[in-house]
Structure formats: structure tokens, C-alpha cells
Amino acid sequence: MKYETIEVSGYWQEEPERCFDVTIALGSWDGELDAEDENIFYYMDGEPVRVGMIISEGFVITEIDEELL
């Protein structure tokens, strides 16, 4: 695996009643689109992941899979 990833749950600001589980890469995108990138929702570019933060133009993180941190 070329990325270290974590699983998070959250919702889109315009649709808070629907929860989604997504995969986030802790590092940066390597610039090469391949099969592994298809499963990555967002790249944190080394920034810390916190509950309550808003990423990807309106996705609010509500839960982080703590086992993977």
C-alpha cells in the first residue's frame, strides 16, 4: 500500500441527516492516479485529522476509527 489511511464517518453540510464512511489518506497524493487512489476520499497532506473538521468542500468528520491512528 502506498498510502497510510484511516476510516472516518461524517456527513455533507447540506445533507446532515445522511452519514457516510470514507477512507482518508494521511499523506499527500503522489500525482499518479491508479487503483489505490480510487478508494481515497481525501488526502490530508500531513495535516492532523480531528472530529468536527470540514474537509473536501463541506464534509464534516463526526467519527474517526481510533484503532487505525
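I looked up the sheet first. In this predicted model, five strands form an open sheet with mixed pairing, in the order E3-E2-E1-E5-E4. I noted E3 and E4 (54-55) as the edge strands, since each pairs on one side only.

Next I went through the strand pairs. E1 (residues 5-12) and E2 (residues 15-25) run antiparallel and are joined by seven bridges. The hairpin between E1 and E2 passes through two residues. For the register, I wrote down that Ile6 has Ile24 in E2 as its bridge partner and that Gly10 stands opposite Phe20 in E2.

On to E3 (residues 42-43). E2 and E3 run parallel, with two bridges between them. Ile24 has Tyr42 in E3 as its bridge partner. I therefore have Ile24 listed with a partner in E3, Tyr42, and with a partner in E1, Ile6. 

Then I turned to the nonpolar core. Which residues make up the largest one? I count 12 residues there: Ile6, Val8, Val22, Ile24, Leu26, Met44, Val49, Met53, Ile55, Phe59, Ile61 and Ile64. The elements that give two or more residues to this core are E1, E2 and E5 (59-64). E5 gives the most, with three residues. The bridge partners Ile6 and Ile24 are both on the core list.

Last, I checked the contacts of Phe59, another core residue. Leaving out residues up to four places away in sequence, Phe59 touches Val8, Ser9, Gly10, Tyr11, Trp12, Phe20, Val22, Phe41, Met53 and Ile54. Among them, Val8, Val22 and Met53 belong to the core as well. Gly10 and Phe20, which stand opposite each other, are also touched by Phe59.

Methods
Residues numbered from 1 in each chain as written. Predicted model: local features only at pLDDT ≥ 70, side-chain atom pairs only at ≥ 80, totals over all residues. Heavy atoms only, no water. Pairing = 2+ DSSP bridges. Helix = DSSP H or I, 4+ residues; strand = E, 2+ residues; numbered from the N terminus. Core = buried A, V, L, I, M, F, W, Y, C linked by side-chain atoms within 4.5 Å. Buried < 20%, exposed > 50% of the residue type's maximum accessible area, 1.4 Å probe, protein only. Contact = heavy atoms within 4.5 Å.
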